[in-house]
Amino acid sequence: MQQKEAQKLWLIAPAALMVSLFFLYPLCFSLYSAVTLDGALTLSHLDKAFELYSKDMLFTVIIVLVSVMLLAILSISIAALITLSPFRSVVGILGFLYRLPLFIPFIVAAQMMRTFLAKNGLMNNAFVASGLMTPMDTISFLGWSGIIITFVWKQLAFSTLLISGAMAALDDAQIRAARNLGASRLRILFGIILPQIAPSLGVALVLSTVTMMSVLSVPMMIGTGTPTMISADMAFRVDSYGDYHVANALGLVSYLICAGLAWFYLRQSLKDKGATA
Amino acid sequence: MTRLHIDNLQVGYGNKRILNNISLTVEQGEMMALLGPSGCGKTTLLNALCGFLPIKQGDIFVGQRTISHLPAEKRNITMVFQSYALWPHMTVAQNIGYGLKVQKIKQKEIQTRVKALLDIVKLTGLEEEKVTALSGGQRQRVALARALAIRPDVLVLDEPLSNLDAKVRLAVRHEIKALQKQLGFTSLIVTHDQEEALVMADRVAILNQGNIEQVGTPEAIYHAPASAFVADFMGADNHLTWPIHPSMVGDSSVITISHTDVSQQRQCQIYFRSEDVSLSPRLTDDDKISGLMILGEVMHSAFLGHDYRISVRCGAHTFQANYQDNLPEATSVRLHVPAHALHIFDHPSEASNAPLSNAVSV
Ligand SMILES: Nc1ncnc2c1ncn2[C@@H]1O[C@H](COP(=O)(O)OP(=O)(O)OP(=O)(O)O)[C@@H](O)[C@H]1O
Ligand SMILES: [Mg+2]
């Protein structure tokens with residue numbers, strides 16, 4: 001028996017080794033580097049990070065929160081349309097269209113949005129050409145709003161996929177039962193569907209948050225410089241100053257922000273479980 | 001609760017027609033069973049009634065009012081689903097009270113009505129229970145209470161008992177029936193279990209491939225099936241085609257029939273139930289007996305509890321008969337079926353949709 005256990009350990013050893021070598025070690029090292037200087041513990045890097053970039057941190061949090069909220073509203077709406085709409089053919093087209101951004105990398109999306117949203121970009125040109133605007137009235141969406149638009153556009157496919165999958169997994173009879181008791185579609189969405197797919201919604205939003213925190217191309221290409229997102233600052237620290245300590249301190253901060261959100265989500269879902277069990 | 005009238009209804013999926021010209025009336029306070037083999041369109045009919053499926057043609061009336069054009073949420077027809085379809089994130093009381101809440105009835109009133117319903121379906125004290133913590137029979141009763149809570153015009157039930165084990169099924173069957181008598185709701189219950197239909201329903205409608213074959217009281221359906229299909233479906237498991245081709249009869253076996261409706265000239269189908277067969281091991285050949293007489297030998301016998309089901313071979317035919325004793329293989333036996341227990345129909349190749357008569361009266 002003892003020997004069997006040992007054999008099992010050997011089986012997972014390669015995987016465990018890979019994870020610790022290429023994931024845990026760099027992570028710990030960067031955390032270590034964030035709080036030490038020449039081997040001694042110090043908070044100076046974090047101090048400096050806050051001093052220089054606290055505005056950017058706030059900016060990042062706001063951008064991510066707004067994006068996640070828009071994401072939740074839009075992907076729930078699309079998934080609900082797909083699940084509840086009586087117009088099956090429209091639903092088929094929608095079901096195909098919303099998936100497209102899944103296959104487009106962030107950097108391509110950012111490039112697309114840059115040409116689309118700029119002051120003399122595709123969107124404004126179209127408005128001007130159709131006579132809805134004069135060239136004087138056009139405004140550039142590059143900057144914070146562009147970042148949000150790009151994030152939402154890109155992550156929408158992913159979170160809608162998760163959410164509509166969860167909705168499709170519900171027994172159709174549950175929705176029919178509510179309908180013949182007189183409930184409208186909107187009421188069914190909020191009363192019957194959403195409470196049951198909340199865990200999937202949570203997963204979609206937490207994973208999207210982590211993705212947005214880590215994307216570099218979007219703030220670099222669509223952002224206007226200041227304030228910008230933490231990921232851009234980290235790249236800047238490394239590229240321009242070779243300052244790994246502060247970059248790692250910034251990394252620690254964004255890690256803590258994600259961890260905070262994840263904790264909030266876990267606590268919420270545990271609470272729900274406790275209530276239902 | 002009101003009368004339900006279905007007039008010339010046609011329903012299909014895409015171009016595929018599932019229901020052809022269904023006309024059916026369920027009287028106020030009546031329980032009608034819709035009986036048919038798998039895939040004949042029972043669920044489709046209920047879905048069309050509830051408004052989950054668009055109808056191609058025809059009309060549905062509840063009372064005097066046509067509801068064909070109304071969306072599902074305005075029809076006031078509720079359904080009890082085969083899978084129960086309870087909402088797992090709600091308690092028993094919340095499930096039952098949902099329809100009332102949708103109707104914006106006051107919380108107080110909802111509570112009293114839910115309490116009353118729980119009493120009726122014998123689930124008192126379980127209102128705060130999660131529905132996931134209930135047994136199958138209890139869930140089915142919650143589903144029933146939920147559907148009855150809004151006092152629908154018509155209640156439809158789609159195989160409500162098929163997910164329950166045999167014993168619970170018997171209990172819930174009687175409970176539903178008793179409840180139906182007590183509250184007097186108009187209802188249409190789908191089943192593919194003929195016994196269930198006979199026990200529960202005031203009238204039975206037999207559906208076959210999207211057509212109604214017969215509508216009538218359980219007694220009429222059982223004793224006087226209007227078509228070969230109905231006879232077969234209602235348990236007339238013995239079947240022979242008359243006149244019998246010589247190649248179908250062996251040397252030692254004899255089939256004779258004396259019946260006013262049967263002659264050598266006319267082709268017909270004869271159906272009868274194994275419980276109507278009287279089997280006797282003595283081979284006294286009595287010519288004066290009326291009805292069907294068969295000589296053959298025992299193939300095997302199966303113990304059914306109350307008696308044995310004996311399979312008797314007669315040439316190329318095999319007949320089933322009930323008998324109180326076990327019989328060894330190859331025993332020679334005589335089967336007799338009285339004339340009134342024979343269901344005789346014209347041969348399908350001659351007249352498929354005009355059955356000769358109801359069961360034969362002699
Ligand atoms: N969503 C659907 N799309 C296309 N055809 C369908 C659909 N649902 C059912 N059908 C077809 O309609 C016919 C009737 O189906 P229905 O579900 O009404 O049968 P049923 O009488 O309820 O059978 P069962 O006793 O097995 O529940 C079947 O032949 C089936 O193939
Ligand atoms: Mg069915």
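The area buried between chain B and chain A comes to about 2000 Å², with carbon and sulfur atoms giving 58% of it, and this value, like every other in this report, is computed from a predicted model. On the residue level, 23 residues of chain B are in contact with 20 residues of chain A. Across this interface the rule finds one salt bridge, and a pair that spans the two chains is that of B:E73 with A:R179, whose closest N and O atoms are 3.1 Å apart.

**Salt bridges**

Side chains of opposite charge can pair when their charged atoms come close. Over all chains, the structure holds 13 salt bridges. The table lists some of them, including the pair between the chains.

| Acidic residue | Basic residue | Closest N and O atoms |
|---|---|---|
| B:E73 | A:R179 | 3.1 Å |
| A:D243 | A:K48 | 4.0 Å |
| A:D243 | A:R237 | 3.1 Å |
| B:E175 | B:R141 | 3.4 Å |

Within chain A, the residues A:K48, A:R237 and A:D243 are linked in a network of salt bridges. One pair of this network joins A:D243 to A:K48, with the closest N and O atoms 4.0 Å apart. Because A:D243 lies in the loop between α10 (230–241) and α11 (244–276) of chain A while A:K48 lies in helix α2 (residues 44–84), the pair ties together parts that are 195 residues apart in sequence. The surroundings of these side chains can be read from their accessibility: A:D243 is buried, with a relative accessible area of 14%, whereas A:K48 counts as partly exposed at 36% relative accessibility. The other partner of A:D243 is A:R237, reached with closest N and O atoms 3.1 Å apart, and A:R237 is buried as well, its relative accessible area being 6%.

In chain B, the side chains of B:R141 and B:E175 meet in a salt bridge with an N to O distance of 3.4 Å. This pair links distant parts of the chain, since B:R141 belongs to helix α4 (residues 136–149) and B:E175 to helix α5 (residues 166–183) of chain B, 34 residues apart. The two partners fall on either side of the 20% cut-off below which a residue is called buried: B:R141 counts as buried at 17% relative accessibility, and B:E175 is partly exposed, with a relative accessible area of 21%.

**Chain A as a whole**

Chain A has 11 helices and two strands, and along the sequence these elements follow the pattern α-β-β-α-α-α-α-α-α-α-α-α-α. Taken along the principal axes, the C-alpha atoms of chain A fill a box of roughly 75 × 70 × 30 Å. Of the 277 residues in this chain, buried residues make up 39%. Among contacts in chain A between residues at least 6 apart in sequence, 71% join residues at least 24 apart.

The area that chain A exposes is about 15700 Å², of which carbon and sulfur atoms supply 73%. On the surface, A:I93, A:F96, A:L97 and A:L100 form a nonpolar patch, and together these residues have about 410 Å² of accessible area. One member of the patch, A:L97, is found in helix α3 (residues 88–97) of chain A, and at 46% relative accessibility A:L97 counts as partly exposed.

**Domains and backbone of chain B**

Chain B is divided into domain 1 (4–224) and domain 2 (238–361). The centres of these two domains, taken over C-alpha atoms, are separated by 40 Å.

Positive phi values in residues other than glycine occur in chain B, and two such residues can be described together with their places in the fold. B:A85 has a phi near 55 degrees and sits in the loop between β6 (77–80) and α2 (92–102) of chain B; at 3% relative accessibility, B:A85 counts as buried. For B:E159, phi is near 40 degrees, again a positive value in a residue other than glycine, and the residue is found in the loop between β7 (154–158) and α5 of chain B. B:E159 also counts as buried, at 9% relative accessibility. The helix α5 that bounds this loop is the one that holds B:E175, the partner of B:R141 in the salt bridge described above.

Technical notes
Residues are numbered from 1 along each chain as its sequence is written. Chains are lettered from A and ligands numbered from 1 in the order in which they are written. This is a predicted model: local features need pLDDT of at least 70, side-chain atom pairs count only at pLDDT 80 or more; totals for chains, interfaces and linings use all residues. Side-chain values use heavy atoms; hydrogens and water are left out. Domain bounds come from an automatic or database domain assignment. Patches are made of residues with over 30% relative accessible area and no salt bridge: like charges are joined within 9 Å, nonpolar side chains (Val, Leu, Ile, Met, Phe, Trp, Tyr) within 5 Å. Accessible areas come from the Shrake-Rupley method with a 1.4 Å probe; for residues, only the protein chains shown count as cover. Helices (H or I, at least four residues) and strands (E, at least two) are DSSP runs, numbered from the N terminus. Buried means under 20% relative accessible area, exposed over 50%, partly exposed in between (1.4 Å probe, protein chains only). Contact means heavy atoms within 4.5 Å. Buried area is the accessible area (1.4 Å probe) that two parts lose on being put together, summed over both.
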